[in-house]
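Thanks for coming, everyone. Please look at the screen, and I will walk you through one structure.

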Amino acid sequence: MSIDRDAIYKRIRRVRNYRNPYESIAQNMENKMKKTTWSITDIEKDIDRLTDMAGPMTAFVLPGGSPGAAFAHVARTVCRRAERQVVLLSHGEIIDPHVVEYLNRLGDWLFAVARAENVAAGVTDIEWRPR
């Protein structure tokens, strides 16, 4: 099974080129994100496509596998950290809820990318099994 890496790289470049998220938090985040990234609905559609490629999960998936999957897992952890920091910031500042929603969906997308990368590389997901 193959993964459309060009489409993945294009999406990553669009997110990476989103220059100053802190400026956008202070401004209208939703409008700015529509111009610079793909929409949350589009992210969810891509998550569904990638999940269909990887198949259903039968256990908790640990980070790792192929090199591409490992990098996607690292990016996912950074994204989740950013999400937690924005939630923490929202306790004292007014934050547009789309910021947290976007970071949450982006983290889920990176997880789906990691699983699809493993499928494309012929590597089985590393599943956690209780002892």
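Let me start with a pair of charged residues. Glu83 is buried. Arg80 is buried too. Keep in mind that this is a predicted model.

Where do these two sit? Both Glu83 and Arg80 belong to helix H5. They are three residues apart, about one turn of the helix. Their side chains meet in a salt bridge, with N to O at 3.1 Å. In general, side chains of opposite charge can pair when their charged atoms come close.

Why does Arg80 count as buried? Its relative accessibility is 19%, and the cut-off for buried is under 20%.

Arg80 has another partner. The side chains of Arg80 and Asp108 form a salt bridge as well, at 2.3 Å from N to O. This pair links distant parts of the chain. Arg80 is in helix H5, Asp108 is in helix H6, and their positions lie 28 residues apart in the count along the chain. Asp108 is partly exposed, because its relative accessible area is 23%.

Now a salt bridge elsewhere. Glu127 pairs with Arg129, and their closest N and O atoms are 2.4 Å apart. Glu127 has 27% relative accessibility, so this residue counts as partly exposed. Arg129 is at 52%, so Arg129 counts as exposed. Back to Arg80 for a moment. Salt bridges that share partners join Glu44, Arg80, Glu83, Arg105 and Asp108 into one network. The count of salt bridges comes to seven.

Next, the overall layout. The protein has six helices and two strands. Starting at the N terminus, the order is α-α-α-α-β-α-α-β. There are 131 residues, and 37% of them are buried. The exposed surface comes to about 8200 Å², with 56% of it supplied by carbon and sulfur atoms.

How much of the contact list joins residues 24 or more positions apart? Take the contacts with a separation of 6 or more: such residues account for 79% of them.

On to the nonpolar side. The largest nonpolar core has 22 residues. Among those with the most contacts inside this core are Ile3, Leu50, Trp109 and Val113. Three elements give two or more residues to the core: helix H4, at 40-54, then H5, then helix H6, at 97-121. Which of them gives the most? That is H6, with ten residues.

Let us stay with H6. This helix has 25 residues, and at 1.5 Å a residue they should span 36 Å. The end C-alpha atoms are 36 Å apart, so the two values agree. After H6 comes Gly122. The phi of Gly122 is positive, near 75°.

One last residue takes us back to H5. Ala72 is in this helix, which covers residues 67-90. Is Ala72 buried or exposed? With 7% relative accessibility, Ala72 counts as buried. What does Ala72 touch, leaving aside residues up to four places away in sequence? The answer is Leu110, Val113 and Ala114. Recall that Val113 is one of the residues with the most contacts inside the largest nonpolar core. Arg115 is 43 residues from Ala72 along the chain, yet their C-alpha atoms are separated by 9.0 Å.

To close, return to helices H5 and H6. The salt bridge of Arg80 and Asp108 links them, and both helices give residues to the largest core. Thank you.

Terms used: Residues numbered from 1 in each chain as written. Predicted model: local features only at pLDDT ≥ 70, side-chain atom pairs only at ≥ 80, totals over all residues. Heavy atoms only, no water. Helix = DSSP H or I, 4+ residues; strand = E, 2+ residues; numbered from the N terminus. Buried < 20%, exposed > 50% of the residue type's maximum accessible area, 1.4 Å probe, protein only. Contact = heavy atoms within 4.5 Å. Areas by Shrake-Rupley, 256 points an atom, 1.4 Å probe, with all protein chains shown as cover. Core = buried A, V, L, I, M, F, W, Y, C linked by side-chain atoms within 4.5 Å. Expected span 1.5 Å × (residues − 1). Salt bridge = Lys/Arg side-chain N within 4 Å of Asp/Glu carboxyl O.
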